[in-house]
Each structure stands twice: as structure tokens, then as C-alpha cells.
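Reader: I am new to this structure and would like a close look at a single part of it. Please take one helix, go through its sides in turn, and then move on to whatever helps to place it.

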Amino acid sequence: AVAAAAHAIDPALTVVAILPQEGLPPAELRALARLPIATIAAAPAVVMVGALAVVTVNDPLALGALLLQTPVVHFGRTPYGVEGVTIPASLDDLERSLARALTHEPFALRERFLTQVLRRDHVWCHVDAPDRNGLLGVIEGIERLVSVPRPNMRVDYRPGPTWPLSTQV
């Protein structure tokens, strides 16, 4: 459906299918036989190489596309599904949604959204190799959710990617 929508806009466009971590059943994989296929590990490189748009159900890597000012079209509910920041779609209106994404340039809105999410809402904690700061962020988030009063105690979490915070000076 994505390839058909993209080719209806411009037959010369190349659509790259990115496989989920767990792969796909053989029948679904055969359906993608005419498309270039990349693994999920290659997704950031595919987007950075110059993707015109990203179409996803609700993969968190879409935030990376937004950081690169790449339009995102999504199916389903997602935390980044803010009207104007991304473009919601269904299979019935995918071509129209993709065309809108390619012409809609909400740079200021995306920047405000990403600033809010990455500075205030996102906990920077590596899933496989959590560091002390990330774990403090997780604790702070849990405490905020359950409204645990902690008088005179403050978790010292600093939002931001782990690599600059863990670099020794």
C-alpha cells in the first residue's frame, strides 16, 4: 500500500521496507519481494540518507525522523501522533496523507513538540545498558505517576542522551 501510494505521487520514488526486529512470516515477506528491504538496525541510516517521508504504524524510530525534519505518516495511536507534527493515515487515504506529508512543513511545531517530549516527557535510559542517570529518570517518572510525596528529597536526573552525560572530563 505504501509503495502504491508513493508511486502514485511519483513513479520514480524508491520505497524501502524496514523489517521489525522479530522479522516477518514468510507470506508477508513474499509480499515485499519487489521492494528493497532493510533491517530495523539499518533504519536510522535509511532515514538519514534522505528519506522523503517515513510511514509507520507507531514505531518509536519515527521520533528520529522528526528530528531530521522528515515527515512522518502513521497508522494507529502513537505518542507522537499530534496533528500537524505528524500525519495520521488509513489504508483508504494513504496516498492523500502521504502527499500532504510531503507538502506540509510544520518546522516550528515539530521543534516545539520535540523540545517538550525530549526535555520533559522522555526518560533517557538505554534499554539494554541503563546507566545511573537513566535509572534515576525512571524512578522519577514512576514517583510522578504514583504521586509519591518526597519532602526534602530530589532525584538528580538530568534529561538528555546518555553519551554526553557519561563522558569523562
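Author: In α6, the buried residues are Arg 110, Phe 113, Leu 114, Val 117 and Leu 118. Around the helix axis they cover an arc of only 110 degrees, so they lie on the same side of α6. The model is a predicted one, and what is said here describes that prediction. Part of what covers the buried residues of α6 is α4, residues 62-67. The face turned away from the buried side of α6 carries exposed residues: Glu 111, Arg 112, Arg 119 and Arg 120. Arginine thus occurs on both faces, with Arg 110 among the buried residues and Arg 112 among the exposed ones.

As for its dimensions, α6 runs from residue 107 to residue 121 and has 15 residues. From its first C-alpha to its last it reaches 20 Å, close to the 21 Å expected at 1.5 Å a residue.

Helix α5, residues 94-103, can be read in the same manner. Its buried residues are Leu 94, Ser 97, Leu 98 and Ala 101. These cover an arc of only 100 degrees around the axis, so they too sit on the same side of their helix, α5. They pack against α1 (2-9), β3 (54-56), β4 and β5. On the face of α5 turned away from the buried side are the exposed residues Arg 96 and Thr 103.

Arg 96 also takes part in a salt bridge, with Asp 93 as its partner. The closest N and O atoms of that pair are 2.9 Å apart. Arg 96 has a relative accessible area of 54%, and it counts as exposed because the cut-off for that class is over 50%.

A search of the whole structure finds 2 salt bridges. Another residue of α5, Arg 100, forms a salt bridge with Glu 83, and here the closest N and O atoms are 2.9 Å apart. This pair links distant parts of the chain: Arg 100 is in α5, whereas Glu 83 is in the loop between β4 (72-74) and β5 (87-88), and the two are 17 residues apart. How accessible are these two partners? Arg 100 has 30% relative accessibility and counts as partly exposed. Glu 83, at 48% relative accessibility, is partly exposed as well. The strands on either side of the loop with Glu 83 are β4 and β5, and both are also among the elements against which the buried residues of α5 pack.

Terms used. Residues are numbered from 1 along each chain as its sequence is written. This is a predicted model: local features need pLDDT of at least 70, side-chain atom pairs count only at pLDDT 80 or more; totals for chains, interfaces and linings use all residues. Side-chain values use heavy atoms; hydrogens and water are left out. A salt bridge is a side-chain nitrogen of Lys or Arg within 4 Å of a carboxyl oxygen of Asp or Glu. Helices (H or I, at least four residues) and strands (E, at least two) are DSSP runs, numbered from the N terminus. Buried means under 20% relative accessible area, exposed over 50%, partly exposed in between (1.4 Å probe, protein chains only). The arc is that of the directions from the helix axis to the C-beta atoms. Contact means heavy atoms within 4.5 Å. The expected span of a helix is 1.5 Å times one less than its number of residues.
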